[in-house]
Amino acid sequence: MTSLINTSRPPVFCPGCSHERITLALDKTFQNMNIAGHEIALVSDIGCSGLFDTFFNTHAFHGLHGRALTYAAGIKMSRPGLHVIVTMGDGGLGIGGAHLLSACRRNLNMTLLILNNFNFGMTGGQFSATTPPEASVGSGFLNQLERPLDACQVASAAGAAFVARASSYQKDLVDLLEQAIRFDGFSIVDMWGVCPGRYTKKNKITPASIGESLAGLSPMTGVVEANIRPEYGTQYRELSSALKPANTPKGVAVNFKPLFSNRREVILLGSAGQRIITAGEIICLAGMSAGLNATQKNEYNITVLRGPSISDLVLSSDPIGYTGIEHPSVVVAIAQEGIDRRKGLFAKLGPESMILAVKGLVLPDSRARVHEIDMKALGLKSQDYAMAAVSILAGMNLILNADMLKQALEYRFRGSALEASLTVMNQCLTTS
Ligand code: SF4
């Protein structure tokens, strides 16, 4: 097998950087394993180790700092036949620590290569999760206050079944990398190296001293017998294959012509418990039954059953790129809390807009037409005001009509909920 090094963009590191040795060792490993570029996905983190994906002719993914394991997990789950290899520095290791724990607990068949040179090399030599307290780094004294992370101990404790400490300079590195990649589960190789561009400018560290330091630690040489268990992806596929297939999402049948040619915006202003969000959903479903695009953006307090409840709706024959409301053609005002929450909106309304308001509410000044509805005279309860207002709009052929509303209700509700909503609809369609 020939080298997978990308000759049009070969590795470039500071002179003497141990990353270069690892790049070449990884390439040699691929050759020894006789695997081709299209069988490998290299997922790189951020930093100097984050350049690895560009140095090889393989599939590649380069994402956010500390998150490489999450992308790798998705890639491996969707393409289990790929060899998925993550390159991450000690910076990404600290930033994405929780993802490391999840990967160890999960045991998905992929390999994490930690290129551990004890500092954030690319950004100026700041301390990282593995910087020794006695080191002199570019971020002052902070490393003196923290214990360095022993990634291998943590990974082993979290359930990783293949954990190896290594020197970037050890002779059998290629063999170790092959063992890790061949391991049927999550494997980690924590490779210690030097960063002449930053770290070794202020700290004495050599291949020999790395070897001595590693020899002083508890050995981690690969398989962790106590953590051996079935591989996650295989188990996942076995268990999921026994599940009933998910139902095909129910589509909205397009049976009507839209009542307008371009875009309409609607705002429902109510309070918690008035089914504002559901009413907004019904208007969207009605619009979709006429082939329109529809968006709904809701606002409500995190508290339950109190505070304003507001729904911003856009219906348009064109794609909707942004869900924000700019020029509402209809404002449905059914509770004072909702009105007060959006009081700044009213001054912007022109005479082309209509406010459908429950009688008795105090509206801020505007130039819009106001259409008042006496909900109490209709004998309706507060929780039905929003549905009643939608029905009144349908009766006026504004935004939606009766047929569109009926289809939307039949799509959205079943049983007694459908009966109740149809009753409100029939009562209010002729109210204007
Ligand atoms: S800054 Fe350090 S890690 Fe980055 S290329 Fe230079 S020597 Fe290597």
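This short presentation describes the fold, the cores, the ligand surroundings and a few individual residues of one protein chain.

Good morning. Please keep in mind throughout that the model is a predicted one.

I begin with the overall form. The protein contains 16 helices and 13 strands. Its radius of gyration is 31 Å, whereas the globule rule gives 22 Å for 432 residues, so the protein is more spread out than a compact globule. Along the principal axes, the C-alpha atoms fill a box of roughly 90 × 50 × 45 Å. The domain assignment lists domain 1 as residues 18-241 and domain 2 as residues 263-428. Between the C-alpha centres of these two domains the distance is 54 Å. Of the 432 residues, 50% are buried. If one takes the contacts between residues at least 6 apart in sequence, 68% of them join residues at least 24 apart.

I turn now to the interior. Which residues have the most contacts inside the largest nonpolar core? They are Leu400 and Leu409, in a core of 45 residues. The elements that contribute two or more residues to this core include strands S8 (263-271), S10 (308-316), S11 (330-333) and S12 (354-358). On the helical side, they include H11 (276-288), H14 (385-395), H15 (402-412) and H16 (415-428). Helix H14 gives the most, with 9 residues. A separate core of 31 residues lies apart from this one, and among its members are Ala25, Phe55, Leu173 and Met191.

Leucine 409 deserves a closer look. Setting aside neighbours within four places in sequence, leucine 409 is in contact with Ile282, Met387, Leu418, Ser421, Leu422 and Met425. The last of these, methionine 425, belongs to helix H16. Is methionine 425 buried or exposed? Methionine 425 has a relative accessible area of 4%, under the 20% limit, and therefore counts as buried. With the same neighbours left out, methionine 425 is in contact with Ser391, Ala402, Leu405, Lys406 and Leu409. The C-alpha atom of methionine 425 is also 8.2 Å from that of valine 390, although the two residues are 35 apart along the chain.

Next, the ligand. Around it are Phe13, Cys14, Cys17, His19, Cys48, Asn117, Gly121, Cys195, Pro196 and Gly197. By class, this shell comprises 6 nonpolar and 4 polar residues, with no charged ones.

Two residues have notable backbone angles. As background, most residues other than glycine have a negative phi. Asparagine 34, which is not a glycine, has a positive phi of about 60°. Asparagine 34 is in the loop that joins helix H1 (18-33) to strand S1 (40-44). Isoleucine 399 is not a glycine either, and has a positive phi of about 75°. Isoleucine 399 sits in the loop between H14 and H15. With 5% relative accessibility, isoleucine 399 counts as buried.

Finally, I would draw your attention to leucine 243. Where does leucine 243 lie? Leucine 243 is in the loop between helix H10 (232-241) and S8. At 59% relative accessibility, leucine 243 is over the 50% limit and so counts as exposed. Leucine 243 and tyrosine 71 are 172 residues apart along the chain, and their C-alpha atoms are separated by 25 Å.

Thank you for your attention.

Terms used
Residues are numbered from 1 along each chain as its sequence is written. This is a predicted model: local features need pLDDT of at least 70, side-chain atom pairs count only at pLDDT 80 or more; totals for chains, interfaces and linings use all residues. Side-chain values use heavy atoms; hydrogens and water are left out. A residue is near a molecule or strand if one of its heavy atoms lies within 4 Å of it. Ala, Val, Leu, Ile, Met, Phe, Trp, Tyr, Cys and Pro count as nonpolar, Asp, Glu, Lys and Arg as charged, and the others, Gly among them, as polar. Domain bounds come from an automatic or database domain assignment. A nonpolar core is a set of buried Ala, Val, Leu, Ile, Met, Phe, Trp, Tyr and Cys residues joined through side-chain atoms within 4.5 Å. Buried means under 20% relative accessible area, exposed over 50%, partly exposed in between (1.4 Å probe, protein chains only). Helices (H or I, at least four residues) and strands (E, at least two) are DSSP runs, numbered from the N terminus. Contact means heavy atoms within 4.5 Å. The radius of gyration is taken over C-alpha atoms; the globule rule is 2.2 Å times the number of residues to the power 0.38.
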